[in-house]
Structures are given as C-alpha cells and as structure tokens.
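Student: I'd like to go through this model with you. Can we start with the overall picture and then look inside?

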Amino acid sequence: MTTYSFTLPLKKRARKHRPPRDWLFDAAVGVLGLIALAAVVAAVVPFAGDPSKMVAGRLQPPSLALPLGSDALGRSLAARLLEGIGTTLVVSAIAVLLTATISVMLGLIAGYAGGAAREIIMRVVDVLYSFPSIVLAILVAAMLGPGQAAALASIILVTVPLMTRMVSTAAAAVGQRDFVTTAKISGVSAPMILVRHLLPNISGTIAVQGTYALSVGILVEGGLSFLGYGVQPPHSSLGLLIQEGSAYMTQAPWLLFAPGAVLVLAILAINVIGDTLRDRLDPREPRSLV
C-alpha cells in the first residue's frame, strides 16, 4: 500500500507562526503622525490661513469657510490650532532631547561608577522627584518669567529625575555583565566602556523613557500655558487655546473641545507607542493593551 505525505511550503508554515499585527500601535503612530504632519505642513504652507489675522466675526460657529469657527477676536481657530500644535510639539520635543542628553550622561555615570558619584546624583534626583510636577513647573516659571523658555526649563526639570533613575538602574545591571568585566580587565577606558558597551545595551530603556517624557512634556506645557506661565499671546499653544476656550465654554464650546481633543489624542497616542515599545523591548514582562 502506497502512502502519501503532504508538506506545506516553508513560507506558508512561517506565516502560521507570525505574531498578530498590533493595530493599536499602528493607529497610535498614524494619529500622532497626522497631528505632527498637519502642523509641519501648515507652518510651510499656511493652508488654514494666517493665525494672527481676523477673518470673520467673533465666536463664529464652524462652517465650510471656517471648519473650526473663529475665536473671540475673529481669528480662524483652525489656523491657531495648527500653530498651537506646532508650538507644543516643538517645545516638548526640544525639551525631551535635552532631557535625554542630561539623563543619559548622569544615569551612565551613576550606574557605572557607583559610590559617591551615584549617591550625589541620585540624591539630587530624589529631591527633584519629590516635588509634584505642576508645582515644580510653576516654581521654575515664576523664577524665569512666563514664556517658552520657562516651559522648556520646566519640562526638563520635571522629566529628568525619572529618566535618570531608569537609565542608572539599566546601566548598573549591564555594568555587572561579563563582557563589561572583560573590557575592564583588558584595560579599556571608562568612557569607551560607557559609549561602546553600556549605551547600546540601554538604548531600549532610553527610547521607552523618551516617549513617556514626551507625553509628560506636552502635559506640562499645556498646564503651564493654561495657567498663564507658558506660551504667551499672540502666539498659541494647545494649553493656551484651552485656557482661552474655557472662558467661552457655554457660548462657543468648539474653542475648548478642538484643542482639548488634540491634546488628549496626542498624549494617548504617545503613551500607547511607549507601552508597545516597552513590551517589545522587554518581552519578559508582557503588558499587552489588547
């Protein structure tokens, strides 16, 4: 009796074990990308109009000519919203880049050197971390005066402590591994060990903490601008637009809902991206959102 066996092609069998597509992550990237792209395009080609020009009567409802209506001075809310998105994202992104630079330097030194250097760095970090974020931000803004510089400095001081602690912990764990010990015995200098061995192995931690710092930065900038310590008129930011819209919540609710919705969507998208990166870079502790 003849027997026959059938085997699937290798490509088809490989597809069977492919992990499912993370649609939530894709949606978050798409939403954040659209928000950022709209702000960039509007800065280059002002398709929504001039954010400082009065184009209609005050508090006009949304229409075909004005998709998001007009504000209390008759300016296009769509144009001001796009300008506000750009301001908030630029300020937050610059602050996070500076935060990452400072935190990586301090965290690597604290995690690798240990001893007195670690104690000094971590105690300063603990002092900053003990302050509530918004209180520390208001204190910095009160010292520097309202404006984008105050928002920038506030975001850095709020986000540096946690990121430094996480980088320090990751660097200390990598510093105990065999290849680092071998490099020390071989006479490799400390700066070279930090750059060649520690930094590449904690890049995942830096990326994850960077996404969280960006969401905190957007929230801090929004809170400061809402309280009058951040971006000042005639410029706009998401927090400033929310503050202006809150005064007309019953008369013109679109002034509040439009910037508020963008702020919430941006923060949610960044947090979803951060959670997914954490799951992918640290598969030992799955934290799936779906």
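**Contacts, fold and cores**

Tutor: Sure, and keep in mind that the model is predicted. Take contacts in the protein chain between residues at least 6 apart in sequence: 67% of them join residues at least 24 apart.

Student: How many helices and strands does the protein chain have?

Tutor: Reading from the N terminus on, the elements go α-α-α-α-α-α-α-α-α-α-α. That fits the tally for the chain, which is zero strands and 11 helices.

Student: What percentage of the residues is buried?

Tutor: Buried here means under 20% relative accessible area. The protein chain has 290 residues, and the buried part comes to 40%.

Student: And what share of the accessible surface belongs to carbon and sulfur atoms?

Tutor: The total for the protein chain is about 16,200 Å². Of that, the carbon and sulfur share is 68%.

Student: Which element gives the largest share of the largest nonpolar core?

Tutor: That core has 27 residues, with Leu81 and Ile85 making the most contacts inside it. Two or more residues come from each of helix 2 (23-44), helix 3 (77-113), helix 10 (238-246) and helix 11 (254-281). The largest share is 12 residues, and they come from helix 11.

Student: Which residues does Ile85 touch, leaving out those up to four places away in sequence?

Tutor: Ile85 is one of the two residues with the most contacts inside the core. With those sequence neighbors left out, its partners are Ile35, Ala39, Leu238 and Val262.

Student: How many residues are in the second, separate core?

Tutor: Val167, Leu194, Leu198 and Ile206 are among its members. The count for this second core is 15 residues.

Methods: Residues numbered from 1 in each chain as written. Predicted model: local features only at pLDDT ≥ 70, side-chain atom pairs only at ≥ 80, totals over all residues. Heavy atoms only, no water. Core = buried A, V, L, I, M, F, W, Y, C linked by side-chain atoms within 4.5 Å. Buried < 20%, exposed > 50% of the residue type's maximum accessible area, 1.4 Å probe, protein only. Helix = DSSP H or I, 4+ residues; strand = E, 2+ residues; numbered from the N terminus. Contact = heavy atoms within 4.5 Å. Areas by Shrake-Rupley, 256 points an atom, 1.4 Å probe, with all protein chains shown as cover.
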